[in-house]
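Here is a short report on a protein model. Take a look at the sequence and the structure first.

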There are 2 protein chains.
Amino acid sequence: MERMPKKQRHQQLARLIEENPFLTDRELTRLLKVSIQTIRLDRLELAIPELRERLKLMAERSYDPVRSLPLHEVIGDILDLQLDKSGISMFEIRDEHVFSRSGIARGHHVFAQANSLAVAVINDEIALTASADIRFIRPARLGEKCIAKAYVRSSGVQKGKAKVEVFTYVGDEMVFQGNFVIYRSAGAADVEGAGEA
Amino acid sequence: MERMPKKQRHQQLARLIEENPFLTDRELTRLLKVSIQTIRLDRLELAIPELRERLKLMAERSYDPVRSLPLHEVIGDILDLQLDKSGISMFEIRDEHVFSRSGIARGHHVFAQANSLAVAVINDEIALTASADIRFIRPARLGEKCIAKAYVRSSGVQKGKAKVEVFTYVGDEMVFQGNFVIYRSAGAADVEGAGEA
DNA sequence: GTCGGATTGGCACCAGGTATCAGTATGAAC
DNA sequence: GTTCATACTGATACCTGGTGCCAATCCGAC
């Protein structure tokens with residue numbers, strides 16, 4: 001019965017739980033061929049919480065009020081929002097957003113940030129993108145933080161169409177620019193902060 | 001001791017748990033002023049799972065790879081692809097793509113399908129969206145299958161810029177139309193400062 | 001040999017339940 | 001009044017997936 005060094009087992013344990021946080025200690029016992037006590041000592045040393053705590057943390061993250069508000073479907077984190085005026089959001093380019101070959105962000109992610117923000121900034125029950133004219137000025141790359149700034153150029157409360165301009169920067173370099181036309185459900189412009197996102 | 005009608009309590013219970021799924025039966029006892037047994041009978045009748053199951057479900061939802069990597073590689077399934085000529089993809093609008101209030105797809109998902117296809121149809125190592133001019137013609141709704149058709153109007157192998165037109169249909173209704181300009185690596189050694197996808 | 005860390009076993013205990021049975025309260029039907 | 005159904009409460013046994021603690025064992029280094 002050859003035993004794996006403790007360090008290596010710790011690495012494996014951490015990897016297994018990261019891959020599948022739903023594993024119980026008993027299942028880990030089976031996978032790592034050590035007793036359940038050892039698994040628990042290991043979790044203790046590695047400060048990995050028990051299954052239920054892990055699930056609770058995941059549930060809390062996904063239930064995060066900031067995320068679950070109408071803003072929860074917004075791509076990027078809203079940093080500032082002045083309804084019918086302007087808004088700012090931040091979006092970090094991660095592995096899953098880039099072409100693996102080049103490390104360059106896929107355009108639709110950068111677009112999604114801008115589009116989300118353009119819709120979020122409109123203070124209305126229902127706001128839908130009608131059309132957009134967009135330019136990708138330079139590639140955004142893995143790890144870069146994209147700051148999108150949206151300005152409502154014409155709120156069009158009567159006409160039912162708003163014009164929103166969005167500029168996205170990495171540092172002081174502009175990476176994206178877009179002109180959006182947003183349909184808004186004419187009417188409840190400033191009743192409740194009802195902009196959907 | 002006036003008692004609340006059972007029906008009303010059921011409504012309250014459902015509302016409380018929806019508002020805060022982290023409530024234990026004991027806490028509900030306090031809020032609804034009935035015994036813990038009654039709470040449990042009520043949950044049974046309303047088919048509301050216990051706290052741990054609720055948290056597990058929430059964790060699973062947020063862990064769902066489809067959800068956690070919503071815009072990963074190509075969006076939609078490629079049905080047909082003739083490089084440098086045309087392509088077709090299908091994308092089904094699911095819960096996670098729509099505004100929860102209206103059931104209407106968020107624009108950037110529809111855009112993502114078209115953008116992915118426009119990039120995929122270009123027969124080159126690296127292809128990045130440079131700019132796009134897009135129109136959302138009618139909303140796409142939950143459950144609808146969007147068929148995007150891309151046509152390469154000018155492959156621009158020498159110039160390093162291709163023009164791709166994409167039309168997206170639900171049934172025979174057009175929901176989206178876009179003109180994309182795609183940078184391609186052949187002939188365009190300088191990808192930097194070019195554009196992205 | 002002995003020492004010490006690593007590992008294991010065993011037991012008590014906990015939260016947050018399920019499942020089941022028995023007892024009480026209340027109001028309507030006869 | 002009695003009877004009956006429904007609603008509610010109490011109590012107990014049991015379950016999972018743990019924590020906390022103590023003691024025993026293994027195993028290599030010295």
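Is A:D84 buried or exposed? A:D84 is buried, with a relative accessible area of 18%. Buried means under 20% relative accessible area, exposed means over 50%, and partly exposed lies in between (1.4 Å probe, protein chains only).

This is a predicted model: local features need pLDDT of at least 70, side-chain atom pairs count only at pLDDT 80 or more, and totals for chains, interfaces and linings use all residues. Residues are numbered from 1 along each chain as its sequence is written, chains are lettered from A and ligands numbered from 1 in the order in which they are written, and side-chain values use heavy atoms, with hydrogens and water left out.

**Two residues with positive phi**

Most residues other than glycine have a negative phi. The table lists two non-glycine residues with a positive one.

| Residue | Phi | Loop | Relative accessible area |
|---|---|---|---|
| A:D84 | about 65° | between β1 (77-82) and β2 (86-92) of chain A | 18%, buried |
| B:A47 | about 55° | between α3 (36-46) and α4 (51-63) of chain B | 64%, exposed |

**Chain A**

Chain A has six helices and six strands. Helices (H or I, at least four residues) and strands (E, at least two) are DSSP runs, numbered from the N terminus. From the N terminus on, the order is α-α-α-α-α-β-β-α-β-β-β-β. Chain A has 197 residues, and 48% of them count as buried.

**The core**

In soluble globular proteins, nonpolar side chains tend to be buried together. Here the largest nonpolar core holds 68 residues. Such a core is a set of buried Ala, Val, Leu, Ile, Met, Phe, Trp, Tyr and Cys residues joined through side-chain atoms within 4.5 Å. A:V164, A:F180, B:V164 and B:F180 have the most contacts inside this core. Leaving out residues up to four places away in sequence, A:V164 touches several others, including A:A118, A:I122, A:Y151 and A:F180. Contact means heavy atoms within 4.5 Å.

**Two helices in chain B**

How do α1 (residues 6-19) and α2 (residues 25-32) of chain B cross, and at roughly what angle? Their axes come within 11 Å and cross at roughly 130°. Axes are lines fitted to C-alpha atoms, for helices over the stretch in contact, and angles run from 0 to 180 degrees between N-to-C directions. That makes α1(B) oblique to α2(B). Angles under 35 degrees count as roughly parallel, over 145 as roughly antiparallel, 65 to 115 as roughly perpendicular, and the rest as oblique. B:R9, B:Q12, B:L13, B:L16 and B:I17 in α1(B) meet B:L28, B:L31 and B:L32 in α2(B).
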